[in-house]
Amino acid sequence: MSWQNEKQLKEVLGMLHASLRGDNEQQMKVYKKLQQLRGNQEFNQYLAFIISSMKKEPEQIRQQAGLLLKNNIHESYERMDPKVRNYIKLKVLQTIGDESKKIRKTIGHIVTTAASKDKLKGWQPVLKELLKMLESNKYEHVDGAFNALCKICEDEPERLDSQDLGRPLNTMLPLFIKFFVHPKEPIRRYALGAVNQFLGPNMPQALRANMTGYLKGLFVLTKDSSVQIRKRICQAFVLLLDNEVNALLPHLKKVMEFMITSTGDKNEEVALEACEFWTSVCEQQVHNNLDPAILNSYLRVLVPILLKGMVYSPLDLIGRMGADEDDSHVPDREQDIAPRHHSAKVSSYNGSGGDDWDDDDEDASDWNLRKCAAAALDTLATVYKDELLPFLLPMLQKSLDKKTEWQIQEAGILALGAIADGCFSGVSKHLHHLIPYLIGQLKHPKPLIRSITCWTLSRYAKWVVKGKDDDEKYFKPLMVQLLQRVLDKNKAVQEAACSAFAILEE
């Protein structure tokens, strides 16, 4: 190329190598020099040349060149000479099927960034070239093209359905659906992920027109052994239920059976995505008149799975390391005493402005299977009320037995709090026994049980307060124990006790 200078190329390569070795001070100097070169037209061409053509260079060097190029395109694409832009486009498209997976991914980012900067219209051939590569017999070409296409679908969903571009989705979506049965798992995952990008409220007509084929492909993939694919299928069914419920209705029995199995999946990521489905079903019943009988026959199987999902997993306990220890002597950090503003993932549906769902003192942003299962049980209780109790109460009785493992006891106490609003009428008949049990659990040696017990007791505060004739039996013992827990040796218990105390006062 006429612009290429061997000395300058070596200089750029030298800087890239230096940026990945040496001490921090040296790396910072190189980084600043690379930043200064961002606006240099030839510099961006060298970066494109290094990642695409210098295949004898270490993978890390090529990837570093690609990442710098992507950032430069993002920051200064509009100021690049059209010849430079065209050169970059040419080189990256030539490298889509690189033998290195890391390089293919980096190239995908470059392609997507440039295509977005061009608003697709300024680089229309890119879609045609990428779709053509999907027909290749070489796996690396298909993988690289799908990687880039997925990113474009994620970044430019509206433009892909625009009349100005000739609605490329009309061609893309049916082609993607065909790849649901590809023998290679990454390709199936790419294809499913790309189509799922369009499952939102503004679902394009192209997907609606191919809904039969899409659903058929989903049901084939329900038997897939890949965790990531099963996770994406669960996400798809939740989004379809929220945005295109009529398309799902003829298949709802099959969908529910799959989602029940997935809610109990050994992989927590799959279980969490599936668990979201049950809250969506309840929302459809309340807001869109979905027949409650559709789910009714599955409750006996579903509720035990939800209860199991509410038990702290070993990973949960590792993440909460320290929450099960005496820490009142440890000075508070600034974030420990900052005001908290809890927001519910799910709130009651009775329109009365009831309490938001919040199971305990954990960070509300830390959404996990335990919380999702509890929220699902809460919404089921709101819709089905005391109909849940014939098969829920026997399981709770076993969970709350003091001879069971403490994690199972803790989950049972959480479940009892979760159904407080929806099943209050039926549960109130048992509160004469349950409230003393819970007050006793405030003395449990495990702080996590003491903490969740404070929350569950607060959910039944109205029953305790209204029983004026039983002050000596329920109200006073509860107040005494909560005051003691305010002085607990564990900070999380202290906070839970203060919250419960405030609710009692209200």
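Of the 506 residues in this protein, buried residues make up 52%. The model is predicted, with an average pLDDT of 89 over the protein and a score of at least 70 for 89% of the residues. Residues 337-362 stand apart from this picture: their pLDDT is below 50, and beyond near neighbours in sequence this stretch has 55 contacts in the model.

The secondary structure consists of 29 helices and zero strands. Among the contacts with a separation of 6 or more, 69% join residues that are 24 or more positions apart. Toward the outside, the protein exposes about 24,900 Å², and carbon and sulfur atoms supply 50% of that area.

**Two helices and their surroundings**

Helix 3 covers residues 41-53, and its 13 residues reach 18 Å from the first C-alpha to the last, close to the 18 Å expected at 1.5 Å a residue. Ten of the 13 residues in helix 3 are buried, which leaves the helix mostly covered. The buried residues include the aromatic residues Phe 43, Tyr 46 and Phe 49, along with Asn 44, Gln 45 and Ser 52. Their cover includes helix 1 (6-18), helix 2 (24-36), helix 4 (59-76), helix 5 (82-94) and helix 6 (101-117).

Further along the chain, helix 12 spans residues 211-221, and its buried residues are Met 211, Tyr 214, Leu 215, Gly 217, Leu 218, Phe 219 and Leu 221. These buried residues pack against helix 9 (169-178), helix 10 (185-196), helix 11 (205-209), helix 13 (227-243), helix 14 (245-248) and helix 15 (252-263).

**Aromatic rings**

A pair of aromatic rings is described by the distance of the centres and the angle of the planes. The structure holds nine aromatic pairs. One of them joins Phe 219 and Phe 237 in a tilted arrangement, with 5.8 Å from centre to centre and 35° between the planes. This pair links distant parts of the chain, since Phe 219 belongs to helix 12 and Phe 237 to helix 13, 18 residues apart. Both Phe 219 and Phe 237 are buried.

The rings of Phe 277 and Trp 278 form an edge-to-face pair, because their planes stand at 90° with the centres 5.0 Å apart. Phe 277 counts as buried because its relative accessibility is 0%, and Trp 278 is likewise buried, with a relative accessible area of 0%. Elsewhere, Phe 146, Phe 176, Phe 179 and Tyr 190 form one aromatic cluster.

Charged side chains also meet aromatic rings, as the table shows.

| Charged residue | Ring | Distance from ring centre |
|---|---|---|
| Lys 184 | Tyr 139 | 5.7 Å |
| Arg 370 | Tyr 312 | 4.0 Å |

The charged end of Lys 184 sits over the ring of Tyr 139, and Arg 370 lies over the face of Tyr 312.

**Positive phi values in loops**

Most residues other than glycine have a negative phi. Lys 119, however, has a positive phi near 55°. Lys 119 is placed in the loop between helix 6 and helix 7 (125-133). With a relative accessibility of 49%, Lys 119 counts as partly exposed, because a residue must be over 50% to be exposed.

Arg 167 also has a positive phi, near 50°, and lies in the loop between helix 8 (139-155) and helix 9. Its relative accessibility of 32% is why Arg 167 counts as partly exposed.

Methods:
Residues are numbered from 1 along each chain as its sequence is written. This is a predicted model: local features need pLDDT of at least 70, side-chain atom pairs count only at pLDDT 80 or more; totals for chains, interfaces and linings use all residues. Side-chain values use heavy atoms; hydrogens and water are left out. Helices (H or I, at least four residues) and strands (E, at least two) are DSSP runs, numbered from the N terminus. The expected span of a helix is 1.5 Å times one less than its number of residues. Buried means under 20% relative accessible area, exposed over 50%, partly exposed in between (1.4 Å probe, protein chains only). Contact means heavy atoms within 4.5 Å. Accessible areas come from the Shrake-Rupley method with a 1.4 Å probe; for residues, only the protein chains shown count as cover. Rings of Phe, Tyr and Trp (its six-membered ring) pair if their centres lie within 6.5 Å; planes under 30 degrees apart count as stacked, over 60 as edge-to-face and the rest as tilted. A charge sits over a ring if NZ of Lys or CZ of Arg is within 6 Å of the ring centre and within 35 degrees of the ring normal. pLDDT is the predictor's confidence in each residue, from 0 to 100.
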